[in-house]
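Biologist: I would like to go through a protein model slowly, asking at each step how a label was earned. Could you show the structure before we begin?

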Amino acid sequence: MPRRAVLDRLVSSNGAIRTNDGVGPSRFRTSNGAIQVSGLAGSLEAQTSNGRITANLANADGPVRVETSNGSEELSLPAKFDDEVRAHTSNGAITLRAPATLNARVSARTSNGKITSDLDMRTSGEISRTRL
């Protein structure tokens, strides 16, 4: 795929999805496999039933929504990101990497895992080991 290609919708039933340097809005969905995104510009919606989601979103400038049933999630956001982030998993940890200047609305939820953050945050709503 050419660099900076528009990645509107990628779907797989049994396999991983890997992208590099695409442009969104992007929607990725697989049933049994990991999703790995690197260098995406625009927004991201990624969903898998059985797999890890890893997204290095150095150029993201729209909403980010990731969801997996059985796997961890690892997100890296750019310094000027100021949109919504939603990361949900049933069985896995959630890691969010972002600069201290991040000004985003974050919703992170896991049933059987943990959420950790080294950032100073202003929070509202329910806060626990599995919900932020």
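Modeller: What follows is a conversation about the labels given to parts of this predicted model.

Biologist: Let us begin with the whole chain; what makes up its secondary structure, and in what pattern?

Modeller: The secondary structure comes to twelve strands and zero helices, and the pattern read along the sequence is β-β-β-β-β-β-β-β-β-β-β-β. Of the 132 residues of the protein, 39% count as buried, and the protein exposes about 7,500 Å², of which carbon and sulfur atoms supply 41%.

Biologist: How do you know which strands lie side by side, and which of them are called edge strands?

Modeller: Two strands are taken to pair if at least two bridges are found between them, and by that rule six strands form an open sheet in the order β1-β3-β5-β7-β9-β11, with parallel pairing. The edge strands are β1 (9-12) and β11, since each of these pairs on one side only. On average, neighbouring strands of this sheet are turned by 5 degrees against each other, direction ignored.

Biologist: What makes β3 and β5 a pair?

Modeller: Strand β3, residues 26-30, is joined to β5 in the parallel sense over five bridges, and a pair requires at least two, so the condition is met. Along this pairing, Arg27 has Glu45 of β5 as its bridge partner, Arg29 has Gln47, and Thr30 stands opposite Thr48.

Biologist: How many bridges support the pairings of β1 with β3 and of β5 with β7?

Modeller: β1 and β3 pair in the parallel sense over four bridges, with Leu10 standing opposite Phe28 in β3. β5 and β7 also run parallel and are joined by eight bridges, and there Gly42 stands opposite Ala60 in β7.

Biologist: Which side chains of β3 are buried, and how are they arranged along the strand?

Modeller: The side chains of β3 alternate, with Ser26, Phe28 and Thr30 pointing to one face and buried, whereas Arg27 and Arg29 point to the other face and are not buried. As a general matter, side chains in a regular strand alternate between the two faces of the sheet.

Biologist: Why is Thr30 called buried?

Modeller: Thr30, whose place is in strand β3, has a relative accessibility of 2%, and buried means under 20%, so Thr30 counts as buried.

Biologist: What polar contacts does the side chain of Thr30 make with backbone oxygen atoms?

Modeller: The side chain of Thr30 reaches the backbone oxygen of Ser12 at 3.2 Å and the backbone oxygen of Gly15 at 2.6 Å. Both values can be set against the limit for a polar contact, which is within 3.5 Å. Leaving aside neighbours within four places in sequence, Thr30 is in contact with residues including Ile17, Ile35, Gln47 and Ser49.

Biologist: Why is Thr101 called exposed rather than buried?

Modeller: Exposed means over 50% relative accessible area, and Thr101 has 56%, so Thr101 is called exposed. Thr101 is found in the loop between β10 (94-97) and β11 (105-110).

Biologist: How do you know that Thr101 and Ala79 meet in space?

Modeller: Thr101 and Ala79 are 22 residues apart in sequence, while their C-alpha atoms are 6.0 Å apart in space. The side chain of Thr101 reaches the backbone oxygen of Ala79 at 3.4 Å, and a polar contact needs a pair of atoms within 3.5 Å.

Biologist: Which residues have the most contacts inside the largest nonpolar core, and which strands supply it?

Modeller: The largest nonpolar core has 23 residues, and those with the most contacts inside it are Val37, Leu44, Leu57, Val64 and Val66. At least two residues of this core come from each of β4 (35-38), β5 (41-50), β6 (53-56), β7 (59-70) and β9 (84-91), and β7 gives the most, with three residues. Leaving aside neighbours within four places in sequence, Val37 is in contact with residues including Phe28, Leu44, Ala55 and Leu57.

Terms used: Residues numbered from 1 in each chain as written. Predicted model: local features only at pLDDT ≥ 70, side-chain atom pairs only at ≥ 80, totals over all residues. Heavy atoms only, no water. Buried < 20%, exposed > 50% of the residue type's maximum accessible area, 1.4 Å probe, protein only. Polar contact = N/O pair within 3.5 Å; in protein donor to acceptor, adjacent residues only side chain to side chain. Core = buried A, V, L, I, M, F, W, Y, C linked by side-chain atoms within 4.5 Å. Contact = heavy atoms within 4.5 Å. Axes fitted to C-alpha atoms, helices over the stretch in contact; angles between N-to-C directions. Areas by Shrake-Rupley, 256 points an atom, 1.4 Å probe, with all protein chains shown as cover.
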